[in-house]
Amino acid sequence: TRERLYAEVYAAFREMMLDSHQTAAISAFISKLREINERQLTLIARQAYLASGGVGELPAEWAGMSAQFVNSFTSGFEQALLGALTQAEPLDKFLYRAMLYPQEGYKMAVINGQSYAMRERGARHWRRGREGRRRGGS
């Protein structure tokens, strides 16, 4: 669930902050962040697929697409954390950035699951809710 995704990322960040061996803790945090994203976002995409009327199984490439995308930014995040550590900057200021991973990953996972379910029913693009209505009225 969404709450569990946020809680796991927050707990991993907090664990990094409490570790006295900060360089190793940063690498461990990034590894854990990647694993959380892969596990939770895949599950969320599958749940969204089924909730949207999907029949069968969501293909692995669609289920893992959001995790793959957000994880593509983790190396840069790790370098920023290590750079801040080198400059003796406080790492707690990176909490907001860490929490962007579950925030954006969640939205992408849901959309990916819904999109594939719609695709199974013949949809090929999204349409705005009011599109197709007459001007000036209903």
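**Close-up views of a six-helix protein**

The protein has six helices and zero strands. The model is predicted.

**Figure 1. The whole chain is built on the pattern α-α-α-α-α-α**. The protein has 138 residues, and 35% of them count as buried. Among contacts with a separation of 6 or more, 74% are between residues 24 or more positions apart. The exposed surface of the protein is about 8600 Å², with 54% of it supplied by carbon and sulfur atoms. The pLDDT averages 90 over the protein, and 90% of the residues score at least 70. Among the elements, the lowest mean pLDDT belongs to α3, at 94, and the highest to α4, at 97.

**Figure 2. Helices α1 and α2 pack against each other with their axes within 9 Å**. Two packed helices are described by the angle between their axes and the distance between the axes. Here the axes of α1 and α2 cross at roughly 175°. Angles over 145 degrees count as roughly antiparallel, and α1 and α2 are therefore described as roughly antiparallel to each other. On the α1 side, the residues that meet α2 include L5, V9, A12, F13, M16 and M17. On the α2 side, those that meet α1 include I26, F29, L33, I36, L41 and I44. Residues such as R2, R4, E8 and E15 of α1 also take part, as do K32, N37 and R39 of α2.

**Figure 3. Q40 is a residue of helix α2**. Is Q40 buried or exposed? Q40 has a relative accessibility of 3%, so it counts as buried. Leaving out residues up to four places away in sequence, Q40 touches T1, R4, L5 and E8. Of these, R4, L5 and E8 are in α1 and also appear in the contact between α1 and α2.

**Figure 4. Q47 also lies in helix α2**. With a relative accessibility of 38%, Q47 counts as partly exposed. Q47 and A63 are 16 residues apart along the chain, and their C-alpha atoms are separated by 9.7 Å. How far apart are the end C-alpha atoms of α2? They are 41 Å apart, which agrees with the 44 Å that 30 residues should span at 1.5 Å a residue. After α2 comes G53, with a positive phi near 90°.

**Figure 5. Helix α6 covers residues 95-120**. At 1.5 Å a residue, the 26 residues of α6 should span 38 Å. The end C-alpha atoms of α6 are 39 Å apart, which agrees with that value. Which residues of α6 are buried? They are A98, M99, Y101, P102, G105, A109, V110, N112, G113, S115, Y116 and A117. An α-helix has 3.6 residues a turn, so residues three or four places apart point the same way. The cover over the buried residues of α6 includes α1, α2, α3, α4 and α5. Just after α6, G122 takes a positive phi of about 100°.

**Figure 6. A88 is in the loop between α5 and α6**. Most residues other than glycine have a negative phi. A88 is not a glycine, yet its phi is positive, at about 60°. The relative accessible area of A88 is 68%, so A88 is exposed.

How values were computed. Residues numbered from 1 in each chain as written. Predicted model: local features only at pLDDT ≥ 70, side-chain atom pairs only at ≥ 80, totals over all residues. Heavy atoms only, no water. Helix = DSSP H or I, 4+ residues; strand = E, 2+ residues; numbered from the N terminus. Expected span 1.5 Å × (residues − 1). Buried < 20%, exposed > 50% of the residue type's maximum accessible area, 1.4 Å probe, protein only. Contact = heavy atoms within 4.5 Å. Areas by Shrake-Rupley, 256 points an atom, 1.4 Å probe, with all protein chains shown as cover. pLDDT = per-residue confidence, 0-100. Axes fitted to C-alpha atoms, helices over the stretch in contact; angles between N-to-C directions. Parallel < 35°, antiparallel > 145°, perpendicular 65-115°, else oblique.
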